[in-house]
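Work through the exercises below with the sequence and the coordinates open. Try each task before reading its solution.

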Amino acid sequence: MKKLLISMFIAIIPFLLISGGTYPAGQNVLFTFDDGPNPLYTPQVLQTLHENNIQAVFFVVGQEVLKHPDLLAEIDRHGHLIGVHTFSHRNITEMTHAELRREIQATAELINRITGQNPVYFRPPRGKHNRAQLDLIYNMSYVPVKWHGCLEKRGVDKPEQLVNDLIKRIRHIPNPVILLHDGDPAHYHDRTATMQSLPLLIERLRESGYGFADPRDSSKLRQVEL
Ligand SMILES: [Zn+2]
């Protein structure tokens, strides 16, 4: 009997090592895409998400929406949720309150005019913000949100490495919110690595036991509320 118990314990050691303190099985990931819409990248992301039956949140930049209204309409047609990521993609800590208010309002009005959606979530560029600005954002009835893990990493363009690193980073977070980019408002980021990584990321997440969250489940983005 004792021998049997010992051998049973030894048999489950690898399982304990793999699963200890991590959350993959039964957890839902939420994808969020910032900086679009972009004519090169957004259609690729929409296609990959469509093939995999995944809904996401797109935090769009107003000046890019102005250039590509059809792409925003396309995001909406695919059933994704749209959030505000400022109009100019400037650092909001360098804006006056009046400027920030105008940036959010102008972007939200464009989104509403094109898609009929009334955005609720706001994500500041690069996550930068200060306390007084959060108060302003809440007063405007928006929920400011961040993320748990970002796929892109400066100087890394191998999909395998980007995906592995991200999965390692989110492993201890229940129902992680992931940040990816489908745009480039500053015109210096090449998002090819993101496009190549997305199908692999979806495959790896599924293999690890993750599902994909409904972006309209309000508890999901509330997890990364600022
Ligand atoms: Zn951004």
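## Exercise 1: One helix pair

Helix 7 (residues 159–170) packs against helix 8 (residues 192–207) at an angle of about 50°, and the axes are 9 Å apart. This comes from a predicted model. Classify how helix 7 lies relative to helix 8, give the handedness of the crossing, and list the residues that meet.

**Solution.**

Step 1. Take the angle of about 50° between helix 7 and helix 8. That angle makes helix 7 oblique to helix 8.

Step 2. Helix 7 and helix 8 cross in a right-handed sense.

Step 3. Helix 7 brings Pro159, Leu162, Val163, Leu166 and Ile167 to the contact. Helix 8 answers with Ala193, Gln196, Ser197, Leu200, Leu201 and Arg204.

Step 4. Sort the contact of helix 7 with helix 8 by class: eight residues are nonpolar, two polar and one charged.

## Exercise 2: A second helix pair

Describe the packing of helix 4 (69–77) on helix 5 (residues 97–115) by axis distance and crossing angle. Then name the contacting residues.

**Solution.**

Step 1. The axes of helix 4 and helix 5 come within 9 Å and cross at roughly 70°. At that angle, helix 4 is roughly perpendicular to helix 5.

Step 2. The crossing of helix 4 past helix 5 is right-handed.

Step 3. Pro69, Leu72, Ala73 and Asp76 make the contact from helix 4, and Ile111, Ile114 and Thr115 make it from helix 5.

Step 4. By class, helix 4 and helix 5 meet through five nonpolar residues, one polar and one charged.

Step 5. Now check a residue in helix 5, arginine 113. It has 11 C-beta neighbours inside 10 Å, so arginine 113 counts as exposed. Its C-alpha lies 9.8 Å from that of proline 69, with their positions 44 residues apart in sequence.

## Exercise 3: Buried or exposed?

Decide whether histidine 80 and phenylalanine 122 are buried or exposed. The cut-off for buried is 20 or more other C-beta atoms within 10 Å. Then find their contacts beyond four places in sequence.

**Solution.**

Step 1. Histidine 80 sits in the loop between helix 4 (69–77) and strand 3 (81–84). It has 24 C-beta neighbours inside 10 Å, so histidine 80 is buried.

Step 2. Histidine 80 touches Gln55, Ala56, Val57, Phe58, Ile75 and Pro215, leaving out residues up to four places away in sequence. Take one of these, phenylalanine 58: it is 22 residues from histidine 80 along the chain, and the C-alpha atoms are 7.1 Å apart.

Step 3. Phenylalanine 122 belongs to strand 4. There are 26 other C-beta atoms within 10 Å, so phenylalanine 122 is buried.

Step 4. Outside four places in sequence, phenylalanine 122 contacts Gly83, Val84, Ile104, Ile137, Tyr142, Val143 and Pro144. Its C-alpha is 4.7 Å from that of valine 84, although the two are 38 residues apart along the chain.

## Exercise 4: Backbone exceptions

Most residues other than glycine have a negative phi, and most peptide bonds are trans. Which bond is cis, and what phi do asparagine 53 and arginine 126 have?

**Solution.**

Step 1. Glycine 36 and proline 37 are joined by a cis peptide bond, with omega about 0°. Proline 37 lies in the loop between strand 1 (28–34) and helix 2 (42–51).

Step 2. Asparagine 53 has a positive phi of about 55°. Its place is the loop between helix 2 and strand 2 (57–60). It has 7 C-beta neighbours inside 10 Å, so asparagine 53 is exposed.

Step 3. Arginine 126 has a positive phi near 60°. It lies in the loop between strand 4 (121–122) and helix 6 (131–139). With 11 other C-beta atoms within 10 Å, arginine 126 is exposed.

## Exercise 5: The whole chain

Summarise the fold content, burial, contact range and confidence.

**Solution.**

Step 1. The protein chain has nine helices and eight strands.

Step 2. Of its 226 residues, 37% are buried.

Step 3. Take contacts between residues at least 6 apart in sequence: 79% of them join residues at least 24 apart.

Step 4. The average pLDDT is 91, and 89% of the residues score at least 70. Over residues 12–20, pLDDT stays under 50, and the model has zero contacts there beyond four places in sequence.

Note on methods:
Residues are numbered from 1 along each chain as its sequence is written. This is a predicted model: local features need pLDDT of at least 70, side-chain atom pairs count only at pLDDT 80 or more; totals for chains, interfaces and linings use all residues. Axes are lines fitted to C-alpha atoms, for helices over the stretch in contact, and angles run from 0 to 180 degrees between N-to-C directions. Helices (H or I, at least four residues) and strands (E, at least two) are DSSP runs, numbered from the N terminus. Angles under 35 degrees count as roughly parallel, over 145 as roughly antiparallel, 65 to 115 as roughly perpendicular and the rest as oblique. A crossing is left-handed if the near helix is turned anticlockwise from the far one by less than a right angle, and right-handed if clockwise. Two residues are in contact if their C-beta atoms, placed from the backbone, lie within 7 Å. Ala, Val, Leu, Ile, Met, Phe, Trp, Tyr, Cys and Pro count as nonpolar, Asp, Glu, Lys and Arg as charged, and the others, Gly among them, as polar. pLDDT is the predictor's confidence in each residue, from 0 to 100. A residue is buried if 20 or more other C-beta atoms lie within 10 Å of its own, exposed if 12 or fewer, and partly exposed in between; C-beta atoms are placed from the backbone.
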